[in-house]
Amino acid sequence: MVERGYIVRTRSDVPRGTVLNRDTAMREAALDSGAQILATGFPAAGMSARYDRDFFVSLPDP
């Protein structure tokens with residue numbers, strides 16, 4: 001859809017489940033998808049610390 005000119009929004013995690021399972025597959029797929037908007041419950045380092053994890057999602061530098 002991105003290639004067809006659509007603006008695409010996708011989730012990059014499922015709060016708690018993604019972090020507790022240490023599963024980054026959804027984050028990697030979201031980043032690889034070309035979506036312009038990534039929704040996350042963990043937009044900054046330290047937000048997952050309450051689960052004793054270091055998980056966050058940010059866009060790479062262009």
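The legends below describe close-up views of a predicted model.

**View 1. Overall layout of the predicted protein.**
The protein contains 2 helices and 2 strands, and these elements follow the order β-α-α-β from the N terminus. Helix 1 spans 17–20 and helix 2 spans 25–32, while strand 2 covers 37–39. Along the principal axes, the C-alpha atoms fill a box of roughly 40 × 20 × 15 Å. Of the 62 residues in the protein, 23% are buried. Where contacts link residues at least 6 apart in sequence, 62% of them join residues at least 24 apart. The exposed surface of the protein comes to about 4500 Å², with carbon and sulfur atoms supplying 52% of it. The protein carries 8 positive and 8 negative charges, and the mean positions of the two sets lie 9 Å apart.

**View 2. The largest nonpolar core.**
This core has 8 residues. Its members are Val 19, Ala 30, Ala 35, Leu 38, Phe 42, Tyr 51, Phe 55 and Val 57. Tyr 51, one of these members, touches Arg 16, Val 19, Leu 20 and Phe 42, leaving out residues up to four places away in sequence. Val 19 and Phe 42 therefore appear both in the core and among the contacts of Tyr 51, where a contact means heavy atoms within 4.5 Å.

**View 3. Surroundings of Ser 48.**
Ser 48 sits in the segment after strand 2. Its relative accessibility is 0%, so Ser 48 counts as buried. Apart from residues up to four places away in sequence, Ser 48 touches Val 19, Phe 42, Arg 53, Asp 54 and Phe 55. Val 19, Phe 42 and Phe 55 are also members of the largest nonpolar core.

**View 4. Met 47 and its contacts.**
Met 47 lies in the segment after strand 2. With a relative accessibility of 37%, Met 47 is classed as partly exposed because the value falls between the limits of 20% and 50%. Neighbours within four places in sequence aside, Met 47 is in contact with Gly 41 and Phe 42. Met 47 and Val 19 are 28 residues apart in sequence, and their C-alpha atoms are 11 Å apart in space.

**View 5. Ile 37 in strand 2.**
Ile 37 belongs to strand 2 and is partly exposed at 41% relative accessibility. Residues up to four places away in sequence are not counted here; beyond them, Ile 37 touches Ile 7, Val 8, Arg 9 and Thr 10. Ile 37 and Leu 59 are separated by 22 residues in sequence and by 9.4 Å in space, C-alpha to C-alpha.

**View 6. Salt bridge between Asp 13 and Arg 11.**
Side chains of opposite charge can pair when their charged atoms come close. A search of the whole structure finds 2 salt bridges. In the one shown here, the side chains of Asp 13 and Arg 11 meet with an N to O distance of 3.1 Å. Asp 13 has 0% relative accessibility and so counts as buried, whereas Arg 11, at 31%, is partly exposed.

**View 7. Salt bridge between Glu 28 and Arg 27.**
The closest N and O atoms of Glu 28 and Arg 27 are 3.2 Å apart. Glu 28 is partly exposed, with a relative accessible area of 34%. Arg 27 has a relative accessible area of 18% and is classed as buried because this is under 20%.

**View 8. Arg 22 in the loop between the helices.**
Arg 22 is placed in the loop between helix 1 and helix 2. Its phi is near 50°, a positive value in a residue other than glycine. Arg 22 is exposed, with a relative accessible area of 60%.

**View 9. Asp 52 in the segment after strand 2.**
Although Asp 52 is not a glycine, its phi is positive, at about 60°. Asp 52 is found in the segment after strand 2. At 64% relative accessibility, Asp 52 counts as exposed because the value is over 50%.

Key. Residues numbered from 1 in each chain as written. Predicted model: local features only at pLDDT ≥ 70, side-chain atom pairs only at ≥ 80, totals over all residues. Heavy atoms only, no water. Core = buried A, V, L, I, M, F, W, Y, C linked by side-chain atoms within 4.5 Å. Buried < 20%, exposed > 50% of the residue type's maximum accessible area, 1.4 Å probe, protein only. Helix = DSSP H or I, 4+ residues; strand = E, 2+ residues; numbered from the N terminus. Salt bridge = Lys/Arg side-chain N within 4 Å of Asp/Glu carboxyl O. Areas by Shrake-Rupley, 256 points an atom, 1.4 Å probe, with all protein chains shown as cover. Lys, Arg positive; Asp, Glu negative; His and termini not counted. Charge placed at Lys NZ, Arg CZ, Asp CG, Glu CD.
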